[in-house]
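Q: Please select a single part of this structure and examine it closely. I would then like to see how that part relates to the rest of the chain.

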Amino acid sequence: MKIIIKVGDKAVTATLTDSKTTRDFVSLLPLTLTMNDLFGREKFARLPRAISEEGERTKTYEVGDIIYWSPGPDVAIYYRHDEEEIPDPGIIAIGKIDAGVGAFNVPGSVKATLEPIE
């Protein structure tokens, strides 16, 4: 499944994985979120409710990854890699930005609208 993420005057597409966590995330769409910056590597936002934690957890990420952080419950998009490992309980990857991850590499918070592509 593909989604579109609009940030300011930019729009990027992302390809989502097929997992229970991802399907639960998609059930929340469309969403408009204020995504705050964390560690100069990711933009994150609190989801309106917790979603399934049945996806595979990892402590590593790649630039462009869209993830679920269950303690939040937060969604995050990584725009820079800082070589740090993610703390417990780890993250669940739910997708990847296809191109244009630089739209998130801006100072401070961004307002992002996430919508399914029909």
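A: **A close look at Asp74 and its strand**

Asp74 has a relative accessible area of 9% and therefore counts as buried, since the limit for that class is under 20%. The model is predicted. Asp74 belongs to strand E7, which covers residues 74-78. Once neighbours within four places in sequence are set aside, the contacts of Asp74 fall in two stretches of sequence: Phe44, Ala45, Arg46 and Leu47 on the one hand, and Ile67, Tyr68 and Trp69 on the other.

Strand E7 also holds Tyr78, which takes part in the one aromatic pair that a search of the whole structure finds. The partner is Tyr61, in the loop between strand E5 (57-58) and strand E6 (65-69). The two ring centres lie 3.9 Å apart and the planes meet at 20°, so the pair is stacked; the angle limit for that class is under 30 degrees. The two tyrosines are 17 residues apart, and the pair thus links distant parts of the chain. Both Tyr61 and Tyr78 are buried.

The nonpolar interior comes next. The largest nonpolar core has 30 residues, and Ile5, Phe25, Ile97 and Phe104 touch the most other members. Strand E7 supplies at least two residues of this core, as does each of strands E1 (2-7), E2 (10-16), E3 (31-38), E6, E8 (91-97) and E9 (110-116), together with helix H1 (20-26). Ile97 touches Ile77, and its other contacts beyond four places in sequence are Ile5, Val12, Thr13, Ala14, Gly64, Ile66 and Phe104. A second, separate core has six residues, including Tyr61, Ile67, Ile86 and Ile91. Tyr61 is the stacking partner of Tyr78, and Ile67 is one of the contacts of Asp74.

Strand E9 offers a contrast in exposure. Lys111 lies in this strand and, with a relative accessibility of 59%, counts as exposed. Beyond four places in sequence, Lys111 is in contact with Lys6, Val7, Gly8, Thr32, Leu33 and Thr34. Its C-alpha atom is separated by 19 Å from that of Asp98, 13 residues away along the chain. Glu115 joins Lys6 in a salt bridge, at 3.3 Å from N to O. This bridge connects strand E9 with strand E1 across 109 residues. Glu115, at 25% relative accessibility, is partly exposed, and Lys6, at 36%, is partly exposed as well.

That bridge is one of 13 in the structure. Among the others, Arg23 meets Asp18 at 2.5 Å, and Asp18 is exposed, with a relative accessible area of 70%. Glu53 and Arg57 form another, their closest N and O atoms being 2.6 Å apart; Glu53 is partly exposed at 45%, and Arg57 is partly exposed at 28%. Arg41, Glu42 and Asp82 are joined into one network by salt bridges that share partners.

Finally, the chain as a whole. It contains one helix and nine strands, in the order β-β-α-β-β-β-β-β-β-β from the N terminus. Of its 118 residues, 45% are buried. Among contacts between residues at least 6 apart in sequence, 67% join residues at least 24 apart. The radius of gyration is 13 Å, in agreement with the value near 13 Å for a compact globule of 118 residues. The exposed area is about 6,000 Å², of which carbon and sulfur atoms supply 51%.

Key. Residues are numbered from 1 along each chain as its sequence is written. This is a predicted model: local features need pLDDT of at least 70, side-chain atom pairs count only at pLDDT 80 or more; totals for chains, interfaces and linings use all residues. Side-chain values use heavy atoms; hydrogens and water are left out. Rings of Phe, Tyr and Trp (its six-membered ring) pair if their centres lie within 6.5 Å; planes under 30 degrees apart count as stacked, over 60 as edge-to-face and the rest as tilted. Helices (H or I, at least four residues) and strands (E, at least two) are DSSP runs, numbered from the N terminus. Buried means under 20% relative accessible area, exposed over 50%, partly exposed in between (1.4 Å probe, protein chains only). Contact means heavy atoms within 4.5 Å. A nonpolar core is a set of buried Ala, Val, Leu, Ile, Met, Phe, Trp, Tyr and Cys residues joined through side-chain atoms within 4.5 Å. The radius of gyration is taken over C-alpha atoms; the globule rule is 2.2 Å times the number of residues to the power 0.38. Accessible areas come from the Shrake-Rupley method with a 1.4 Å probe; for residues, only the protein chains shown count as cover. A salt bridge is a side-chain nitrogen of Lys or Arg within 4 Å of a carboxyl oxygen of Asp or Glu.
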